[in-house]
Amino acid sequence: MSQKSEQPSLKLNIAISTLYQVLLVLLPLITAPYVARVIGPDGSGIYDYTNSIQTYFSMFAALGTLSYGTREIARVREDPERRSVLFWEIELMTVMTSTACIIVWFVFIYFVQQYKVFYLVLTMGIISTMFDISWFFAGLEQFKYTVSKNAIFKLAGVVLMFIFVKGPDDLLLYVIIITGSMMLGNMSMWLYLPRFLVRVDFKKLRFRHHFKETVIYFIPSIATSVYTVLDRTLIGLITHNTAENGFYHYTMQVINMMKALTFAALNTVLGSRLSFLFGKEEYDEIKLRIYDSINYILFMGIGICFGLIGVAPRFVPVFLGPGYDRVITMLSLMSPIVVVIGISNCLGSQYYTPAGKRRQSARYIIIGAVTNLCLNLILIPRFWGYGAIIASVIAETVITVLYLKNCSGFFLPISLWIEGWKKIVAGVAMLAIIRVIDSSITGNVLALLLEVAVGFITYCAVLFALHDSFLRVYVLKKIFH
């Protein structure tokens, strides 16, 4: 018999989720320099390309379960019987869609000629999707149950990687470790289910309604894949250069680390809480939380954007080693996307999804996806990875503008300028200081650390001098008071 759902603590959940996101940042910081040197850009490109193909199948397996399941569980989290029924209806539907995708996946593998063994190993990625129930715990705001086991298996994967992956010939073993640790992490979450579920009559479960709704949530996932996955696929198909895929892979790895620091933990936790608040119709608190979240995203995102541009020439050789010069330009071109996606992700997670406006947001994402696809087909043949990055930044900007324009007063676009201009001034000052240091000091690691430290101090000092609201209210008053 299940116990009642534990009362979630918003501050604790944000702390847990933030620590997990920090772990997700630290692990690539530890592993990427090693893998980049041991596997090389070609090996990394092969993994990036084959994984992009497998991702399509995983998306169809999951449909829109992650967002839809989180929202539905959050709305009934105080009713053990209802949430138990919902869990089994949504999860069993996912099992059915995943099974269908695995069958089609094996047909694909049978006919494909290149990288067949890699595709066989990546089957674990689809199985991982089948057993991923993180949406259930996210809806309950019980993030400690998803974080603990996932963190353990990710750390175990890192240890195994350093022990067994020694050269380019170990690429297949590297893929096994990465995909296997993810699958085991997802499966381990099932150990906690008895604490939150009660017995249900499986004969009375109904799937049709959920299938219809998850398809609605799935449409944005398809559209989003155009500029998160299709980029990698098109680079491989158009350029026929695995190294270019490798350069793009490491660029996105760094950008994803920055996105994790900027907004991933915040939106994961608050998305669940705001679904609950929308059910309670507490609109004033919703508006306040969205405003505070975007102010935080602007503080982090703008600082990271200018900081990446400044340190990229010294960071890439230190982080990845020689032979990755193209990543320097790629990082500089891609850096604004941290801010742009941060804003759209915030509005999507904290307004459109909790408010039940997924159809509306899907239209905007489709417009951005079509924009990205057209630009990819035009720019990638000429500029390779650079073209994919430019297309992504433009497409994400289109989506963010549409999100801001149509969020029904829950966030006013003028607030971006009110809260953002001081941060832009501080970012420019930080970039200037970093460039001065870069031209004045030789060396790599110590000079990089000096650039990061002085740049961050400059950024905060300028914001303090300009009386920036985030630094003044949230850092000085709430933390140090």
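Before the pocket, one term: I count Ala, Val, Leu, Ile, Met, Phe, Trp, Tyr, Cys and Pro as nonpolar, Asp, Glu, Lys and Arg as charged, and the others, Gly among them, as polar. This is a predicted model. Mean pLDDT for the protein chain is 85, with 89% of residues at 70 or more. Residues 1-6 stay under 50, and there the model has 22 contacts beyond four places in sequence.

Now the second largest pocket. Its volume is about 740 Å³. The lining has 25 residues, and M258, L261, I304, V311 and V452 are the closest to the centre. What is the lining made of, by class? It has 21 nonpolar residues, 3 polar and 1 charged.

Which helices supply at least two lining residues each? They are α1 (10-38), α12 (242-280), α13 (283-320), α18 (414-440) and α19 (445-465). The largest share, 9 residues, comes from α13.

So much for the pocket; a word on α13 itself. This helix has 38 residues, yet its end C-alpha atoms are only 47 Å apart, where a straight helix at 1.5 Å a residue would reach 56 Å. There is a kink of about 65° in α13 at A312, shortly before the proline P313. Just after the helix, G321 takes a positive phi of about 90°.

Terms used. Residues numbered from 1 in each chain as written. Predicted model: local features only at pLDDT ≥ 70, side-chain atom pairs only at ≥ 80, totals over all residues. Heavy atoms only, no water. 1 Å grid on protein atoms, 1.4 Å probe; cavity = no way out; pocket = protein on both sides within 12 Å on 5 of 7 lines; lining within 4 Å. Points joined across faces, edges and corners; volume = space filled by probe spheres on them. Helix = DSSP H or I, 4+ residues; strand = E, 2+ residues; numbered from the N terminus. pLDDT = per-residue confidence, 0-100. Contact = heavy atoms within 4.5 Å. Expected span 1.5 Å × (residues − 1). Bend = angle between axes of the 7 residues up to and from the residue.
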